[in-house]
Amino acid sequence: MNEVAKGTARGAAPAVAAGLSEAEAARRLVQYGENALAERRTGVLERMARFFWGPIPWMIEIAAALSAILRHWDDLAIIVAMLLINAGVGFWQEFKADNAIALLKQRLAVKARVKRDGLWKDIEARLLVPGDLVHVKLGNIVPADLKLIAGAYLSVDQSSLTGESLPVDKKAGDEAYSGSIARQGEMDGVVVATGGKTYFGKTARLVEHARTVSHFQRAVLRVGNFLILVTVGLVLMIGLAALFRRDPPLETAQFALILTVASIPVALPAVLSVTMAVGAERLARMRAIVARLVSIEEMAGMDVLCSDKTGTLTKNELTLGQPQPAPGVAPDDLMLAAMLASRRDAPDAIDAAIFAAAPADLRLDGCAVTAFHPFDPVTKRSEATIDRDNQRFKVGKGAPQVIVDLCGPDAEARRMISATIDQDANKGYRTLGVARTDEAGGWRFLGLLPLFDPPRADCAATIAATRAMGIDIKMVTGDHEAIARQIAAQLKLGQNIVVADAMFSKEGGEVDASRIIAADGFARVFPEHKFKIVKALQDAGHIVGMTGDGVNDAPALKQADVGIAVSGATDAARAAADLVLTAPGLSVITHAIEEARQIFERMTGYATYRIAETTRVLLFMTASILVFNFYPVTAIMVVLLALLNDLPIMMIAYDNAALAPYPVRWNMGRVLTIASALGVFGVISSFGIFWILRNYLGLPAAAVQSLIFLKLLVAGHMTIYLTRNKGPIWERPWPSWKLVAPCEATQLIGTLVVVYGWFVTPTGWRLALLVWGYSLVSFLIGSAVKVGTSRLVEHRAAHQARHLARIEGRVTA
């Protein structure tokens with residue numbers, strides 16, 4: 001503990017109560033630094049240097065050295081240019097992805113409630129300094145090491161720091177560690193350590209965590225690794241054949257190295273990362289912040305969404321109905337007790353509704369709150385201890401059944417209260433019970449407060465649209481089942497509302513999964529029920545999204561394939577979620593799902609293109625060399641081909657993408673089949689133009705090589721258009737100008753290179769246009785090949801599904 005913190009922790013109470021001044025906080029921020037663990041930041045030059053070190057750069061550098069030895073200066077110039085451009089492209093992609101991730105982290109930054117200049121305010125936790133007075137409440141992540149000084153109690157979960165499995169109760173004088181989570185209660189504390197000087201900073205070792213890889217990425221990278229092995233194998237075959245034919249060894253080695261570099265899908269991981277990062281930026285503009293990039297895949301495949309009622313399906317604008325006092329209780333006494341059991345300085349939605357509806361002449365003067373226990377999702381009530389006119393009593397408000405059990409009325413009174421609750425629920429009102437202790441300390445039931453939270457105006461239409469996207473929406477609420485049915489009817493969700501307790505036995509026996517799958521919603525849901533609902537749906541083969549906002553929702557959000565922290569969620573819920581919403585409503589989630597599906601389509605299209613292109617180029621060149629003893633392109637042409645391919649590939653992340661009508665899951669079998677079909681067709685098409693140029697037109701070898709280079713370039717770029725959607729090439733959405741412009745620009749550059757003979761043998765416009773015409777015809781045929789193959793794959797998949805259904809007895813033969 002530093003000296004300032006020591007002095008502050010034991011300093012005078014008035015100084016602590018006022019907190020620091022902004023001027024003093026600024027001075028200490030300079031002295032102690034930000035409240036963050038020190039990250040090793042890599043400089044621009046060091047980051048750039050990494051792109052010149054590694055297996056792929058080494059191969060390019062060796063090829064450049066061989067060109068210098070052979071005095072092939074043109075080759076050397078272009079190979080060096082390739083090395084620099086590859087490094088530049090890699091640096092830009094990494095810079096773009098890192099910037100996107102940094103922006104997302106900034107938007108997810110933990111906030112802290114701190115007292116500065118005598119006023120409570122919310123600031124970024126990184127700006128806390130030793131000596132700051134901080135307020136911590138239920139659901140907050142403790143922002144720094146604190147010495148607790150005021151408040152009734154605080155229960156914190158510090159299992160991630162100390163390994164203790166159960167929450168630890170804290171009192172005034174105890175320390176609360178940075179990174180622990182407030183599970184119950186609220187207290188004020190003075191910051192005693194920040195950043196690397198905290199308990200967490202001292203005990204944890206800052207390690208570079210490997211980024212999680214999604215199922216789709218893992219499958220694509222496996223295919224990439226397979227292509228690398230195939231590339232190396234075929235290049236070795238070319239090398240052996242060249243040695244057998246007594247070709248110059250240095251030139252052979254140079255060509256083999258360049259061909260390997262050009263064929264290996266080096267950019268595969270980077271393009272996938274950039275595509276997801278760019279997509280995450282778009283989602284952030286829609287007020288949906290992606291906390292885990294790889295969750296985009298799960299979002300695209302999500303087929304069940306368990307949605308909170310309050311704030312997501314409804315407006316979260318509570319309106320208080322007519323108070324319903326118990327017999328012998330005045331309405332003002334009921335309202336006064338409810339107000340005293342609420343927090344005026346930081347009201348939640350219920351507290352705000354109570355204060356808004358309170359009579360103007362009803363004042364809290366003379367009532368001193370000596371202790372306050374905020375609403376706890378476990379006990380489902382709040383409680384305050386009040387001193388007034390030399391008398392001490394307690395007031396409480398919360399779930400009616402909890403308040404009734406607290407007061408213990410007779411059977412007849414219980415029946416009447418229950419009947420009133422049911423009547424309110426049938427009208428769509430949720431009710432709040434209110435109680436107060438008498439002179440003897442016993443609790444007395446004061447009455448009920450009905451609250452109404454209307455559905456969002458656009459929610460019914462949004463639910464219909466979301467269901468049309470193949471997503472089943474299930475409402476999850478802690479309210480009475482009658483309220484849930486009333487809201488569900490207005491939103492046309494369905495009336496099969498199941499009480500959560502009825503599905504889960506208290507002994508932890510088997511769960512009735514069929515009831516969960518068939519349900520339209522769940523009522524009287526506790527946080528532990530959410531976890532079980534998610535698990536049951538996942539066990540049934542669904543990809544599940546779950547919304548939540550409280551600290552006790554964190555396990556369910558973690559378990560869900562897509563955990564969604566709704567607007568206004570606690571720090572703990574945000575930390576556990578994959579997607580954090582900064583705007584209320586279901587429409588934000590549906591827009592995020594649409595964007596995720598488009599991101600998924602871009603990644604699938606790129607994977608298909610990369611596999612098809614590697615297959616086409618490598619098989620054609622290997623077959624030409626081994627069968628015809630003819631090098632279809634020179635080493636310099638291979639380098640130019642790789643260079644001119646780089647720019648369009650980068651722009652795939654910005655392309656317009658089709659919106660899948662239903663949830664999508666990666667199907668590597670389909671990707672491989674379509675890519676292989678296009679790759680093999682590309683090989684046949686390349687041999688077709690090879691025969692026309694060499695045998696029919698009888699052109700010299702150098703001219704044939706130039707025109708083959710042009711054909712590989714033009715057809716390769718056209719393959720990008722082929723793989724960007726599942727249907728014919730004219731199917732919308734049409735390509736984005738951000739993709740079309742670099743594709744056509746690089747094709748034009750390649751055409752000019754061949755026509756005018758820059759680094760290659762010139763051919764003139766007539767032969768270049770012949771290749772363009774041939775490529776366009778091949779492009780149209782390739783589209784038919786893609787559509788036909790896709791339909792065969794889908795027909796086979798449908799046949800297999802019917803076959804499995806017959807086996808399982810779901811349909812008759």
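**Exercise 1. The largest cavity**

Task: Determine how many residues line the largest cavity, and which of them lie nearest its centre.

Solution: The largest cavity is lined by 17 residues, and those nearest its centre are Phe681, Gly682, Ala715, Thr719 and Leu722. The elements that each give two or more residues to this lining are α25, α27 (668-696), α28 (701-723) and α30 (765-808). The volume of the largest cavity is about 160 Å³, and a search of the whole structure finds six cavities of 30 Å³ or more. These values come from a predicted model, which leads to the next exercise.

**Exercise 2. Confidence along the chain**

Task: State what the average pLDDT of the protein chain is, and work out how the stretches 203-212 and 3-15 should be read.

Solution: The average pLDDT of the protein chain is 81, and 85% of the residues score at least 70. Over residues 3-15, however, the pLDDT is below 50, although this stretch has 14 contacts in the model beyond near neighbours in sequence. Residues 203-212 likewise have a pLDDT under 50, with seven contacts beyond four places in sequence. Where pLDDT is low, the predicted coordinates should not be read in detail.

**Exercise 3. The overall fold**

Task: Give the numbers of helices and strands in the protein chain, and find what share of its residues count as buried.

Solution: The protein chain contains 30 helices and 22 strands, and 52% of its 813 residues count as buried. Turning to contacts with a separation of 6 or more, 72% of those in the protein chain are between residues 24 or more positions apart.

**Exercise 4. The nonpolar cores**

Task: Identify which residues have the most contacts inside the largest nonpolar core, and which helix gives the most residues to it.

Solution: The largest nonpolar core has 121 residues, and Ile708 and Phe709 have the most contacts inside it. Helix α25 (residues 586-628) gives the most to this core, with 19 residues. A second, separate core has 38 residues, among them Leu318, Ala341, Ile403 and Cys407. In soluble globular proteins, nonpolar side chains tend to be buried together. Returning to Ile708, and not counting residues up to four places away in sequence, one finds that this residue touches Phe620, Pro632, Val633, Ser686, Ile689, Phe690 and Leu693.

**Exercise 5. Two buried residues in helices**

Task: Decide whether Ile599 and Thr466 are buried or exposed, and list what each of them touches.

Solution: Ile599 lies in helix α25, and because its relative accessible area is 0%, under the 20% cut-off, Ile599 counts as buried. With residues up to four places away in sequence left out, Ile599 touches Thr275, Met276, Gly279, Ala280 and Ile296. The C-alpha atoms of Ile599 and Ala657 are separated by 7.5 Å, with the two residues 58 residues apart along the chain.

Thr466 is found in helix α18 (residues 459-468), and its relative accessibility is 1%, so Thr466 is buried as well. Leaving aside neighbours within four places in sequence, Thr466 is in contact with Ile471, Ile473 and Thr590.

**Exercise 6. A pair far apart in sequence**

Task: Find how far apart Ala635 and Thr252 are in sequence and in space.

Solution: Ala635 and Thr252 are 383 residues apart in sequence, whereas their C-alpha atoms are 9.5 Å apart in space. Ala635 lies in helix α26 (residues 635-650), and at 9% relative accessibility Ala635 counts as buried.

**Exercise 7. Cysteines and backbone geometry**

Task: Establish how many disulfides the model has, and examine the backbone at Pro733, Asp389 and Asn629.

Solution: With two cysteine sulfur atoms required to be within 2.5 Å, the count comes to zero disulfides. Cys306 is buried at 0% relative accessibility, and Cys743 is buried at 0% relative accessibility.

As for the backbone, the peptide bond from Arg732 to Pro733 is cis, with omega near 5°, and Pro733 lies in the loop between α28 and α29 (737-756). Asp389 is a residue other than glycine with a positive phi, near 55°; it sits in the loop between β13 (381-388) and β14 (391-398), and its relative accessible area of 66% makes Asp389 exposed. Asn629 has a positive phi near 55° and lies in the loop between α25 and α26, but with a relative accessible area of 48% Asn629 is partly exposed.

Methods:
Residues numbered from 1 in each chain as written. Predicted model: local features only at pLDDT ≥ 70, side-chain atom pairs only at ≥ 80, totals over all residues. Heavy atoms only, no water. Buried < 20%, exposed > 50% of the residue type's maximum accessible area, 1.4 Å probe, protein only. Core = buried A, V, L, I, M, F, W, Y, C linked by side-chain atoms within 4.5 Å. Helix = DSSP H or I, 4+ residues; strand = E, 2+ residues; numbered from the N terminus. Contact = heavy atoms within 4.5 Å. pLDDT = per-residue confidence, 0-100. 1 Å grid on protein atoms, 1.4 Å probe; cavity = no way out; pocket = protein on both sides within 12 Å on 5 of 7 lines; lining within 4 Å. Points joined across faces, edges and corners; volume = space filled by probe spheres on them.
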